[in-house]
Amino acid sequence: MKNIKLLPFERNRYFTGKMLTSADFAAEQRYINNKRRFINNMMFGAGIVSGMSVECQDEKNIRIDSGVAIDGYGREIVIPEAQIKKLSAIDGFEETQSDSVCIYAAYDEENIQPVYSASKKSKEDEYENNRTREGC
């Protein structure tokens with residue numbers, strides 16, 4: 001293992017009468033996610049777990065099959081269904097001077113499902129997103 005800094009895991013300690021706040025629930029999710037990602041990274045490393053094969057459809061399009069990969073932080077990248085990508089839509093493709101290129105899928109999160117938040121005071125931010133969708 002290279003000289004990387006490993007931080008200790010910290011989890012909630014529950015007890016009768018404990019007042020739970022949104023910070024406690026966020027800490028719980030952070031603990032579970034970080035623990036899973038740590039195990040992913042230590043046990044499997046980064047790379048394709050299953051699927052995600054790429055093939056040329058024609059000179060302008062590629063097909064990426066569904067599959068799962070793990071990034072360098074242990075986060076799961078899931079492509080739920082096959083996708084057709086136009087090569088011209090990929091940043092930098094037009095400047096490519098080689099016969100072969102590398103493509104990658106990067107982990108991403110999107111906040112979705114706005115719901116009313118009773119704690120907001122102004123009209124502009126009376127809604128919060130209820131879910132975070134993981135994707136790439």
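Visitor: What pattern does the protein chain follow when read along the sequence?

Guide: This is a predicted model. Read from the start, the protein chain runs α-β-β-β-β-β-β-β-β. That makes one helix and eight strands. The helix, α1, covers residues 22-44.

Visitor: How do I judge the overall form? What radius of gyration does the protein chain have?

Guide: Set the value beside the one for a compact globule. For 136 residues that would be near 14 Å, but the protein chain has 21 Å. Now take the principal axes. Along them the C-alpha trace spans about 65 × 45 × 25 Å.

Visitor: What share of the residues is buried?

Guide: Buried residues make up 16% of the 136 in the protein chain. The accessible surface comes to about 11400 Å². Carbon and sulfur atoms hold 50% of that surface.

Visitor: And contacts between distant parts of the sequence? What percentage do they account for?

Guide: Take the contacts with a separation of 6 or more. Residues 24 or more positions apart account for 39% of them.

Visitor: How many charged side chains are there?

Guide: The protein chain has 19 positive and 22 negative side chains. The centres of the two sets lie 10 Å apart.

Visitor: Let's go to single residues. Where does N12 lie?

Guide: N12 sits in the segment before α1. Its relative accessibility is 13%. The cut-off for buried is under 20%, so N12 counts as buried.

Visitor: Which residues does N12 touch?

Guide: Leave out residues up to four places away in sequence. N12 then touches K18, D24, A27 and E28. Two of these partners also appear in polar pairings with N12. A polar atom of the N12 side chain lies 2.7 Å from the backbone oxygen of D24. The N12 side chain also makes a polar contact with the side chain of E28, at 3.2 Å.

Visitor: Now the helix. Is R37 buried or exposed?

Guide: R37 is found in helix α1. Its relative accessible area is 13%, so R37 is buried. Beyond four places in sequence, R37 touches Y73, G74, R75, Y107, E109 and E134.

Visitor: N40 is in α1 too. What does the side chain of N40 reach?

Guide: N40 lies in helix α1, and the N40 side chain reaches the backbone oxygen of G74 at 2.9 Å. Again skipping residues up to four places away, N40 touches G45, I70, G74 and E76. N40 counts as buried because its relative accessibility is 9%.

Visitor: What about N41? Which residues does N41 touch?

Guide: N41 is found in helix α1. With the sequence neighbours up to four places away left out, N41 touches G72, Y73 and G74. N41 is partly exposed, with a relative accessible area of 25%.

Visitor: Where does N34 lie, for comparison?

Guide: N34 lies in helix α1. N34 has a relative accessible area of 35%, so N34 is partly exposed.

Visitor: How do I read spacing in sequence against spacing in space? What separates the C-alpha atoms of N41 and E10?

Guide: Give both numbers for each pair. N41 and E10 are 31 residues apart along the chain, and their C-alpha atoms are separated by 18 Å. N40 and R13 are 27 residues apart, with C-alpha atoms separated by 25 Å. N34 and G67 are 33 residues apart, with 22 Å between their C-alpha atoms.

Visitor: Last topic: backbone angles. What sign of phi do most residues other than glycine have?

Guide: Most residues other than glycine have a negative phi. A positive value is therefore worth a look.

Visitor: What is phi of M52?

Guide: M52 has a positive phi, near 60°, and is a residue other than glycine. M52 sits in the loop between β1 (47-51) and β2 (54-56). At 9% relative accessibility, M52 counts as buried.

Visitor: And Q113? Where is the place of Q113?

Guide: Q113 is in strand β7, residues 108-116. Q113 is not a glycine, yet it has a positive phi of about 60°. Its relative accessible area is 40%, so Q113 is partly exposed.

How values were computed
Residues numbered from 1 in each chain as written. Predicted model: local features only at pLDDT ≥ 70, side-chain atom pairs only at ≥ 80, totals over all residues. Heavy atoms only, no water. Helix = DSSP H or I, 4+ residues; strand = E, 2+ residues; numbered from the N terminus. Buried < 20%, exposed > 50% of the residue type's maximum accessible area, 1.4 Å probe, protein only. Polar contact = N/O pair within 3.5 Å; in protein donor to acceptor, adjacent residues only side chain to side chain. Contact = heavy atoms within 4.5 Å. Rg over C-alpha atoms; globule rule 2.2 N^0.38 Å. Areas by Shrake-Rupley, 256 points an atom, 1.4 Å probe, with all protein chains shown as cover. Lys, Arg positive; Asp, Glu negative; His and termini not counted. Charge placed at Lys NZ, Arg CZ, Asp CG, Glu CD.
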